[in-house]
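Please load the model, show it as a cartoon with side chains available on demand, and follow the selections below in the order in which they are given.

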Amino acid sequence: MLFQIHQIYYTVSKNLSIQEVIPLLFSIIIVLCNRRKYPCIPPLYSVFLILYITLLRRAPGFNESICFKLKLRPNVVVWAGNLLNLVLYVPYGVTSWQWKREGKKVVAVGLALSVSCEVLQYLTGRGMAYVNDVLFNTLGAAVGVWISAKVYSK
């Protein structure tokens, strides 16, 4: 169990440092404080976070071929990455549904955003393009819509 926790910590720390987390959290607070006045800002900020984490903060030069095989084997590293991909898109699903309340469109845009990020990662050499990422990113957007619909439709 300790090994699994260490692998998840390693995967998270490889994606964001504490020096990046603090300003991002501060900007999230600012966005949330202004969400009533500007309801389109939280979904746009969610997209910015997705682009920042998947593309903007990575240096070019990590180009591999596109992996079209689903990786669902019981491997802690693979599942930590899958979980992080899911969690990355949940805020997008929640904030977009709160703004437009069109679940299918939000999930479709989440799918398009995910495919775009994977293609850009491949073309710019700023990451690896995996089918797993698209699947779990889209699932994250759907989970965000579901959570938002359950919480905010009452």
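Begin by selecting helix H6, residues 131–152, in what is a predicted model, and display whatever surrounds its buried residues, which pack against H4 and H5. The residues of H6 to colour as buried are Asn132, Asp133, Val134, Phe136, Asn137, Thr138, Gly140, Ala141, Gly144, Val145 and Ser148. If you check the length of the helix, you will find its end C-alpha atoms 31 Å apart, which agrees with the 32 Å that its 22 residues should span at 1.5 Å a residue.

Stay with H6 and add the side chain of Trp79 to that of Phe136, since these two rings form an edge-to-face aromatic pair, 5.7 Å centre to centre and with 85° between the planes. The pair links distant parts of the chain, because Trp79 belongs to helix H4 and Phe136 to helix H6, 57 residues apart. How buried or exposed are the two partners? Phe136 has a relative accessibility of 8% and therefore counts as buried, whereas Trp79, at 36%, counts as partly exposed.

Next, select helix H5, residues 103–124, whose end C-alpha atoms lie 31 Å apart, in agreement with the 32 Å that 22 residues should span at 1.5 Å a residue. Its buried residues are Val106, Gly110, Leu113, Ser114, Cys117, Glu118 and Gln121. They cover an arc of only 130° around the axis, and therefore sit on the same side of H5. Turn the view to the other side of H5, and Lys104, Lys105 and Leu123 appear there as exposed residues. What covers the buried residues of H5 includes H3, H4 and H6. Just after H5, pause at Gly125, which takes a positive phi of about 70°.

Now centre on Gly110, which is found in helix H5 and, at 0% relative accessibility, counts as buried. Leaving aside residues up to four places away in sequence, Gly110 touches Tyr89, Tyr92 and Ala141. A distance label drawn from Gly110 to Leu139, C-alpha to C-alpha, should read 8.9 Å, although these residues are 29 apart in sequence.

Move on to helix H3, residues 41–56, where a straight helix of 16 residues would span 22 Å at 1.5 Å a residue, but the end C-alpha atoms span only 19 Å. The buried residues of H3 are Pro42, Pro43, Tyr45, Ser46, Leu49, Ile50, Tyr52, Ile53, Thr54 and Leu55, and they pack against helix H2 (18–33), helix H4 (76–100) and helix H5.

Within H3, show the side chains of Tyr45, Phe48 and Tyr52, which form one aromatic cluster. The count of aromatic pairs in the model comes to three, and one of them is the tilted pair of Tyr45 and Phe48, 5.8 Å centre to centre with 40° between the planes. These two residues are separated by about one helical turn, because they are three residues apart in helix H3. Tyr45 counts as buried, with a relative accessibility of 12%, while Phe48 is partly exposed, with a relative accessible area of 37%.

As a last stop, select Trp99 together with Lys100, and look for the lysine lying over the face of the Trp99 ring, at 4.7 Å from the ring centre.

Methods:
Residues numbered from 1 in each chain as written. Predicted model: local features only at pLDDT ≥ 70, side-chain atom pairs only at ≥ 80, totals over all residues. Heavy atoms only, no water. Helix = DSSP H or I, 4+ residues; strand = E, 2+ residues; numbered from the N terminus. Expected span 1.5 Å × (residues − 1). Buried < 20%, exposed > 50% of the residue type's maximum accessible area, 1.4 Å probe, protein only. Contact = heavy atoms within 4.5 Å. Arc of directions from axis to C-beta. Phe/Tyr/Trp six-rings, centres within 6.5 Å; stacked < 30°, edge-to-face > 60°. Lys NZ or Arg CZ within 6 Å of the ring centre and 35° of its normal.
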